[in-house]
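Colleague: I would like a close look at one part of this model. Please start there, then take me through the rest.

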Amino acid sequence: MVIGMTTTQKINPGLAPFDLTDYKGARGKNFYKIDSALQRVIDRYSTNYSRDHKQAMLEHISGYGELVGGKLDELTEACHKEGQYGELVKYDKVGNRIDEIVYAKEQVESRRISYEYGIVNLDFHSNWKHPFTGLHRYTLTYLVNMLGEGGVACPLAMTEGIICAIQALGTEDQKKKYLSLVAGEKSTSYFMAGQYVTERVGGSNVQANRTVARKAENGKWILNGEKWFCSNPGDLWVTTAKIEGTNIVGLFLVPRWKENGELNGHHLLRKKDVIGSKGKVTAEAIYEDLEAEELGRPAHGIANLIKYIIKISRLHVALGSTAGARRAIVEAIEYANWRTAYGKKIKQFPAFSIQLCEMMILQTAVTFAIFKFIHQIENKSESQEVIAPLLKYKASAQATEITWSAIMCLGGNGILGDFSVLPRLHNDSIINETWEGTHLIITDHFLHAIHRPKKYKAFMEELEKNVNSAEKYPALKYALGVFHLKVDKLKNILEKETKEWKDMNRVFIADLAYYCFALSELIEQAVHDSNSDSIYVYFASGFAEMVENGIKGQRKSDGIFANSEIRNKIIDY
């Protein structure tokens, strides 16, 4: 008899303990310490850090990995339930218009912990004595996205964008007034910075904006119009509007409250019923004599929007998608270690382990690709303008596939929102696919970038540099052969096909370019180890097989997927 069983359980054998009785999923793990690919990129891209700097960074990252896998995971689950999502409160108790978003205490606490930990503003912390590098910053971004959007990840992206825009474009008065609010060590705003750009007439086509900005005598601007998607309504936001009497779209900074304490001239109409990213509220707004401050020169509004706001958001989308896919795989593998069927662990069934192996290879490849991109940003590489839209598109599209596959790995349990994080991860991934440009828009940006001679040359040089010494290793012969085959095909398309053909096949071309880049990164990882037995030989060979025969295509009988020992090494990576 099992101690603690109820009378009903003693009588009913169907309620006896079973293989999942004590199952908790991945919660309780340090999400940094269980991520070998993440640890590897941090180690490789921090070789020029001082010993003290690197040690402090690793301790800070590991501490956050523990929070994400524990306390923050608990808080995120608690505030992602019916009745716990943020709500729009339009009036106070005496009828004054306040247009305030009220979040559950668990959501506020989650934001507070991450904000005070410094994931967006560590360089504003008085006790942090080192540079807050892109590698450090975006590793924290990656980790927080292992919670899904969680009501933090999207506000984090927009808060970082506003901080960067104010630092680059803001007047000294704006820096003094607003940086302490959105980045200050003692601020209680907790990522309450927003982005209001899209209107009813369109999103990516910002030039179609109908909101109008009129210059006031006091130097401020008065805006009238509407915004269809107001992401993360809060204390401060950036917005766009056409300068009155022109087609120039300016970029503006808007505080929620006027200097005299009155609510600034806007009304939040309703909360959007979005498919995912439910932890933070998205709303619609009307501008009625809204007071705004120009952020940078009005004539450069769209260029500054792209450079300081959208560019950062797209990087966060790629990181968030990659991390969400990683969490999905972690959950699928954890489930496979517990679940039994027909007398053995489901992980032992070849078809099931092949599926896990494929997911791990795809996610690891994009992890290496995106952290190489972050390294390129810090080194101002010419190829980054090609790779940025490529990763935004491919990371988000692939994450939706991986989260779906993870759901399938759990069977019926996979579709239950109170069993695992997987349904929420999947819905959040769909949001990432649409946020800051759908696939057709983003792949068009990729095509424009790669047709610029300097960018094209830099991208191709990056590929060749990655595989430069690979011929010395016979174990990489197959992967290298597939790489050269695909690169030759990409070059032929870009140099010989007509503009019309390329426009019609932009997604296909973007896929091909991504496969070349990601495969070259896996080959480079194997070459770096200078060891034919490196696990990255298996990753490169497996990815090459998927690229050659189709991501969901036929697998070779003599390839790495046919070898159970190699499959397990990849799954356990």
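In which strand is the place of aspartate 289?

Modeller: Aspartate 289 sits in strand E9, which covers residues 282-294. Keep in mind that this is a predicted model. The backbone at aspartate 289 deserves a look. Its phi is near 55 degrees, a positive value in a residue that is not glycine. Most residues other than glycine have a negative phi. Aspartate 289 has 42% relative accessibility, so this residue counts as partly exposed.

A second positive phi turns up at serine 530, near 50 degrees, again in a residue other than glycine. Serine 530 belongs to a loop. That loop runs between helix H17 (506-529) and helix H18 (535-549). With 52% relative accessibility, serine 530 counts as exposed, because the cut-off for that class is over 50%.

Back to E9. The loop between strand E8 (266-271) and E9 holds serine 277. Serine 277 is buried, at a relative accessible area of 4%. Its side chain makes a polar contact of 3.1 Å with the side chain of lysine 280. Farther along the chain, serine 277 touches Glu149, Cys154, Asp428 and Ile431, with residues up to four places away in sequence not counted. Arginine 424 is 147 residues from serine 277 in sequence. In space, the C-alpha atoms of serine 277 and arginine 424 are 8.2 Å apart.

Now follow H18, the helix after the serine 530 loop. Glutamate 548 is found in H18. Its relative accessible area is 36%, which makes glutamate 548 partly exposed. The side chain of glutamate 548 makes a polar contact with the side chain of tyrosine 478, at 2.5 Å. Tyr478 is also one of the contacts of glutamate 548 beyond four places in sequence, along with Val482 and Lys486. Alanine 479 is 69 residues away from glutamate 548 along the chain, and 9.6 Å separates their C-alpha atoms.

Next, the interior. The largest nonpolar core has 153 residues. Leu143, Phe371, Phe459, Ile523 and Phe543 touch the most other members. Helix H9 gives the most to this core, with 16 residues. A second, separate core has 21 residues, among them Leu223, Cys230, Leu268 and Ala285.

Take phenylalanine 459 from the largest core. Setting aside residues up to four places away in sequence, phenylalanine 459 touches Ser383, Val386, Ile387, Leu390, Ile450, Leu490, Ala513 and Phe517. Phe517 also appears among the contacts of lysine 372.

Lysine 372 has its place in helix H10 (residues 350-378). Lysine 372 is a charged residue, yet its relative accessible area is 8%, so lysine 372 is buried. Where does its side chain find a partner? A polar contact of 2.8 Å joins the side chain of lysine 372 to that of glutamate 521. The contacts of lysine 372 beyond four places in sequence are Tyr45, Glu462, Asn466, Phe517 and Glu521.

Helix H9 itself spans residues 301-338, and threonine 322 lies in this helix. Threonine 322 counts as buried, at 1% relative accessibility. A polar atom of the threonine 322 side chain lies 2.8 Å from the backbone oxygen of alanine 318. Outside the four nearest places in sequence, threonine 322 is in contact with Tyr142, Gln363, Val366, Thr367, Ile370 and Ala395.

Last, a helix pair. Helix H3 (residues 51-69) and helix H6 (residues 134-144) have axes that come within 10 Å. These axes cross at roughly 10 degrees. That is under 35 degrees, so H3 and H6 are roughly parallel to each other. H3 makes the contact with Met57, His60, Ile61, Tyr64, Gly65 and Val68. From H6 come Leu135, His136, Thr139, Leu140, Leu143 and Val144. By type, the residues of the contact are eight nonpolar, four polar and no charged. Leu143 links this pair to the interior, as one of the residues touching the most other members of the largest core.

Key: Residues are numbered from 1 along each chain as its sequence is written. This is a predicted model: local features need pLDDT of at least 70, side-chain atom pairs count only at pLDDT 80 or more; totals for chains, interfaces and linings use all residues. Side-chain values use heavy atoms; hydrogens and water are left out. Helices (H or I, at least four residues) and strands (E, at least two) are DSSP runs, numbered from the N terminus. Buried means under 20% relative accessible area, exposed over 50%, partly exposed in between (1.4 Å probe, protein chains only). A polar contact is a pair of N or O atoms within 3.5 Å; within protein, one must be able to donate a hydrogen and the other to accept it, and residues adjacent in sequence count only if both atoms are side-chain atoms. Contact means heavy atoms within 4.5 Å. A nonpolar core is a set of buried Ala, Val, Leu, Ile, Met, Phe, Trp, Tyr and Cys residues joined through side-chain atoms within 4.5 Å. Axes are lines fitted to C-alpha atoms, for helices over the stretch in contact, and angles run from 0 to 180 degrees between N-to-C directions. Angles under 35 degrees count as roughly parallel, over 145 as roughly antiparallel, 65 to 115 as roughly perpendicular and the rest as oblique.
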